[in-house]
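The following exercises are to be worked with the sequence and the model at hand. Each task is followed by a solution in steps.

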Amino acid sequence: MKTVVPSYYKDFRCIAGDCRHTCCVGWEIGVDEDSAARFAADPLTAPHLLPGDPPQLRLLSGERCPFLRQDGLCEMIVQRGEEFLCQICRDHPRFRNFWSDRVELGLGLVCEEAARLILSQPEPLSLVTLADDGQNDPLPDDERWLLDLRDDLLAGITETGPRARLLEYLVFRHLPNALYDDRAEQRLAFIERAFSKITAAWDTTDGSLDALAEVARQWSYDVEYDDEELENQLAAGNG
């Protein structure tokens, strides 16, 4: 199994206390099994762990994570180190696409710093391999077709600058999910509509990269991280 990432992936760093839209407010924090056992045994985290499937961290007023400090830093990282975090906190804002021969890791626009990094790239999207087990079995026909389609779409982008980076992101993130639901046509329509909506909103701003990053971040929060809304927008492609 290979691990494949965009070339800019390794450059991402959480900006912590400088973030204007912290992921530590307004999100349910589901805790994976291994982390839940670790949290339950630690006096710092145990009082804030709620039972459930999965367990969750108890949020404070305003839906704040109990470990979010007033300076925007994470008390858990300060006291226990980043490796102590649960899986979802270590992963965010990353996403994964799964193919037979690879796992693709990407960064999501919902994070303002990730959005800035993605949209500011001077060159077209390129993918690099972080790990390779040496296995080179041919992809199933449906996967090869979809991968070739994605490569052709990425190569054929005529937009330039941040608009190109936005369209590349949408194709890279959303088209591979057709492997699971066989809705390539709907996903292509969704990508086109999403690109049009985001860029139309950007056209009403001062046109800066920061403005585009904020428009894209809000769209991602409203759509990519809302399963019901995402499904509604995909289903709209049936019309």
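**Exercise 1. Determine how helix H8 (residues 184-202) and helix H9 (residues 209-224) are oriented to each other, and which residues form their contact.**

Solution. This model is predicted.

Step 1. Two packed helices are described by the angle between their axes and the distance between the axes. For H8 and H9, the axes come within 9 Å and cross at roughly 135°.

Step 2. Angles over 145 degrees count as roughly antiparallel, and those from 65 to 115 as roughly perpendicular. The crossing of roughly 135° fits neither range, and H8 and H9 are therefore oblique to each other.

Step 3. The crossing in which H8 passes H9 is right-handed.

Step 4. On the side of H8, the contact is made by Phe190, Ala194, Lys197, Ile198, Ala201 and Trp202. H9 contributes Ala211, Leu212, Val215, Ala216, Trp219 and Val223.

Step 5. Sorted by class, the contact of H8 with H9 holds 11 nonpolar residues, no polar residues and 1 charged residue.

**Exercise 2. Carry out the same analysis for H5 and H6.**

Solution.

Step 1. The helices concerned are H5 (141-155) and H6 (161-174). Their axes lie 10 Å apart, and the packing angle is about 175°.

Step 2. Since an angle over 145 degrees counts as roughly antiparallel, H5 is roughly antiparallel to H6.

Step 3. Arg150, Leu153 and Leu154 of H5 meet Glu168, Val171 and Phe172 of H6.

Step 4. The class count for the contact of H5 with H6 is 4 nonpolar, no polar and 2 charged residues.

**Exercise 3. Describe the largest nonpolar core: which residues have the most contacts inside it, and which elements give two or more residues to it?**

Solution.

Step 1. The largest nonpolar core has 46 residues, and Leu107 and Leu170 are those with the most contacts inside it.

Step 2. The elements giving two or more residues to this core are strand E5 (102-107), helix H4 (112-119), H5, H6, H8, H9 and helix H10 (227-235).

Step 3. Leaving aside residues up to four places away in sequence, Leu170 touches Leu175, Ile191, Ala194, Phe195 and Trp219. Two of these names, Ala194 and Trp219, recur from the contact of H8 with H9.

Step 4. A second, separate core consists of 14 residues, including Ala36, Leu49, Leu57 and Phe84.

**Exercise 4. Establish how many residues of H4 are buried, and against which elements they pack.**

Solution.

Step 1. A residue counts as buried under 20% relative accessible area. In H4, 7 of the 8 residues are buried, and the helix is mostly covered.

Step 2. The buried residues are Glu112, Glu113, Ala114, Ala115, Leu117, Ile118 and Leu119.

Step 3. These buried residues of H4 pack against E5, H6 and H9.

**Exercise 5. Locate two cis peptide bonds, one leading to Pro54 and one leading to Pro93.**

Solution.

Step 1. Asp53 and Pro54 are joined by a cis peptide bond with omega of about 5°. Pro54 is placed in the loop between strand E2 (49-50) and strand E3 (56-57).

Step 2. From His92 to Pro93 the peptide bond is also cis, with omega near 10°. Pro93 sits in the loop between helix H3 (87-91) and strand E4 (94-98).

**Exercise 6. For Glu63 and Asp182, state the phi value, the place in the chain and the exposure.**

Solution.

Step 1. Glu63 is not a glycine, yet its phi is positive, at about 60°. Glu63 belongs to the loop between E3 and helix H2 (75-80), and its relative accessibility of 46% makes it partly exposed.

Step 2. Asp182, likewise a residue other than glycine, has a positive phi near 55°. The loop that holds Asp182 runs between helix H7 (178-181) and H8. With a relative accessible area of 71%, Asp182 is exposed.

**Exercise 7. Give the setting of Ser208 and of Trp145, and the C-alpha separation of each from one other residue.**

Solution.

Step 1. Ser208 lies in the loop between H8 and H9 and is partly exposed, at 26% relative accessible area. Although Ser208 and Pro162 are 46 residues apart along the chain, their C-alpha atoms are separated by 9.8 Å.

Step 2. Trp145 is part of helix H5 and counts as exposed, at 51% relative accessibility. From Trp145 to Ala16 there are 129 residues in sequence and 40 Å in space, C-alpha to C-alpha.

Notes: Residues are numbered from 1 along each chain as its sequence is written. This is a predicted model: local features need pLDDT of at least 70, side-chain atom pairs count only at pLDDT 80 or more; totals for chains, interfaces and linings use all residues. Side-chain values use heavy atoms; hydrogens and water are left out. Axes are lines fitted to C-alpha atoms, for helices over the stretch in contact, and angles run from 0 to 180 degrees between N-to-C directions. Helices (H or I, at least four residues) and strands (E, at least two) are DSSP runs, numbered from the N terminus. Angles under 35 degrees count as roughly parallel, over 145 as roughly antiparallel, 65 to 115 as roughly perpendicular and the rest as oblique. A crossing is left-handed if the near helix is turned anticlockwise from the far one by less than a right angle, and right-handed if clockwise. Contact means heavy atoms within 4.5 Å. Ala, Val, Leu, Ile, Met, Phe, Trp, Tyr, Cys and Pro count as nonpolar, Asp, Glu, Lys and Arg as charged, and the others, Gly among them, as polar. A nonpolar core is a set of buried Ala, Val, Leu, Ile, Met, Phe, Trp, Tyr and Cys residues joined through side-chain atoms within 4.5 Å. Buried means under 20% relative accessible area, exposed over 50%, partly exposed in between (1.4 Å probe, protein chains only).
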